[in-house]
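Here is a request to look at how helices pack and how aromatic rings are placed in one protein chain. Please have the sequence and the coordinates at hand while reading.

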Amino acid sequence: MVSSSPRAQARSQHDVDPERIKAYSEQLRQRKEAEERIAAQNEFLRTSLRGSHKLQALESNPPSSGTAFVNDAYEDDTSEESAQLYAVIDYQEVCAALTRVQKALGASGEAALAARVAGAAGALLCPALRTALATRSAVLTALRHKRPGLAPPHTHRATDRLKDCMDVLGAHTSTGGETSGLAAELLSILGGLELESLIQAHDQAAALLDPACFSRGKRHKTGNNYNHKGEDDKALTAHSPDDPSEHIKIIKIEKTNEPLGATVRNEGEAVIIGRIVRGGAAEKSGLLHEGDELLEVNGVAMRGKSVHEVCQVLGALSGTLCVVLAPRRAAPRAPPTHRVLHVRAHFDYDPEDDVYIPCRELGISFQKGDVLHVISREDPNWWQAFREGEEDQTLAGLIPSQAFQHQRESMKLTLAGEVAARDKPRKGGTLLCAKKPPRKKKGKKATSEAGYPLYSTSGADEYEQEEILTYEEVGLYYPRASHKRPIVLIGPPNIGRHELRQRLMEDSSRFAAAVPHTSRPRKDHEVPGQDYHFISRTQFEADILNRKFVEHGEYEKAYYGTSLEAIREVVNSGKICVLNLHPQSLKILRNSDLKPYTVFVAPPSLEKLRQKKIRNAEAFKEEELKEIIATARDMELRWGHLFDMIIINNDTQRAYQQLLNEINSLEREPQWVPAHWLKHT
């Protein structure tokens, strides 16, 4: 006796009973019949002759009393009698004929007969009767064309027989001798993909002739992290006469610590696979698809369970997962090809704190400023992405989409505004419906390095509407020797920005300042283009309107300002332009072709800032220190998304060295910059 192979002997404890498969098939068939019955009823009502133009003409011009209705079905035709009795009649033609009879009877006053005919028409809507009529038409068509009948298949499990043969041959390959060589040769022939495909096609054709049969599915390769045991799997397919594609699949997946890479959703009581995450085992195997319905996992029925309950069941299981599912009925669509979208996040995100994420295990956390590589935007609410530096990960993670994040942040602002309006005490009765304009805070105006007060040329009010920040599209910019990025120092007053700038400017062969513009008259010792660019007041005001100044101000009835052109002159000279600017000046500078690199010089903690002042023998007041920290916090809150780097200036030498190292790296390494900047290169 030949022993069976280990593959035939090994059976999982979660093998599915064929009776359960038949029960699932019956449930799916009943659900589909119910859906088709409703659809057929709707289609019948839609195509009813109540809206027929012929019927309307008949009702508007009724026949005379002497006119008789002639039923062509009862006309004598002896030569074609057999053909008339066994004519191939389309299902829709039968329905239409019964409808015409019903209307004719109703028009002639035979209401009772019309009701009986309507009942017969309703019986035609039964899927079983429709299938019977379709079968009858197919048989009559074959007989009319004298097509020979198809011989019934000897078996619909030829795939199993093939495997049994290969198991027997496998036992003979190790016996040695001529028999062993012949067995090995025959085994290689039977194991070829061509023969395997032919046998599978035979089983599928046999299944069409025997609706009760079940056929095994294809074999699948073993993945790296999950073993999809297609050879032992039973991809059992139950075929109905009117829909051969309806079937049940059983797959086995070896679960590891890594998530499967799929999420689920509820559609009524059904548990449907909602998405397949790129790079996960579900996508690599090709066994699971979006829209598939989970019926059972390791003997646990899924239907009727919530998403949370399904996640709990799957989380508690380990080892081999035996999954019974009903594939989606729609034909699989080829996934749309999207280019990878690189974005910089402007908010912090932790999936553990997000109650809306479909699967917390698949979410990835990130912080403001992180660069994310979005590889799939098919889902309108949840993108699939990798975090910068983690592209070697095989499984992508879920992040909120830009539209979804913007929507819920807008909702938060709206709710916060409603709460503030509700809690705000109302004074008087005349301002109940009036909106009181905000009062601007009083404080010191920002001043330039020359000491004149600055005004932002962006025209943005200090209390402009709050912008909802989500993601910003970025691209890689490769440094060029002919274009040195300007360095912009931002920070609160008295934090050491000027000292850092002066330290950089000591290297005059590498760093330079932009020559400012002024409308005042030139003094005798001043050199135009070196000390200032001297222009008229009229020209200065025109340039302000044309947004040519990054910042400007008025001092002693004369304008002063730093123009984009002055910065560009430094860049064209091959040097690095170093600027001390107010954050509001960044809007115009970032919209230019200069590609600035913004460094925020931040203060340390209050205690460390106090110690620094004492160490440097600087006079200070406690309120001034608190004002510095408060200003820095406000700047970072309002403009932090525009900062490329943050330096905490607790020690000037250390801060300078950190800044210089960063500037050196800008000349060697590529940087992520706003995508629209690359259009200027």
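The questions below concern a predicted model, and they turn to helix pairs and then to rings.

Q: Is α5 roughly parallel or roughly antiparallel to α6?
A: The axes of helix α5 (residues 91–107) and helix α6 (residues 111–123) come within 8 Å and cross at roughly 165°. Because angles over 145 degrees count in that class, α5 is, relative to α6, roughly antiparallel.

Q: How many charged residues does the contact of α5 with α6 have?
A: On α5 the contact is made by Leu98, Val101, Gln102, Leu105 and Gly106, and on α6 by Leu113, Ala114, Val117, Ala118, Ala120 and Ala121. Sorted by class, these give nine nonpolar and two polar residues, and the number of charged residues is no more than none.

Q: What is the orientation of α18 to α19?
A: Helix α18 (residues 606–615) and helix α19 (residues 622–639) have axes that come within 10 Å and cross at roughly 125°. That angle lies outside the ranges for roughly parallel, antiparallel and perpendicular, so the remaining class applies, and α18 is therefore oblique.

Q: Which residues of α19 make the contact with α18?
A: α18 passes α19 in a right-handed crossing. From α18 the contact draws on Leu606, Leu609, Arg610 and Lys613, and from α19 on Glu622, Leu625, Lys626, Ile628 and Ile629.

Q: The charged end of arginine 503 sits over the ring of which residue?
A: A charge counts as over a ring if CZ of Arg is within 6 Å of the ring centre and within 35 degrees of the ring normal. For arginine 503 the distance to the centre is 4.3 Å, and the ring belongs to tyrosine 656.

Terms used
Residues numbered from 1 in each chain as written. Predicted model: local features only at pLDDT ≥ 70, side-chain atom pairs only at ≥ 80, totals over all residues. Heavy atoms only, no water. Axes fitted to C-alpha atoms, helices over the stretch in contact; angles between N-to-C directions. Helix = DSSP H or I, 4+ residues; strand = E, 2+ residues; numbered from the N terminus. Parallel < 35°, antiparallel > 145°, perpendicular 65-115°, else oblique. Left-handed = near helix turned anticlockwise from the far one by under 90°. Contact = heavy atoms within 4.5 Å. Nonpolar A, V, L, I, M, F, W, Y, C, P; charged D, E, K, R; others polar.
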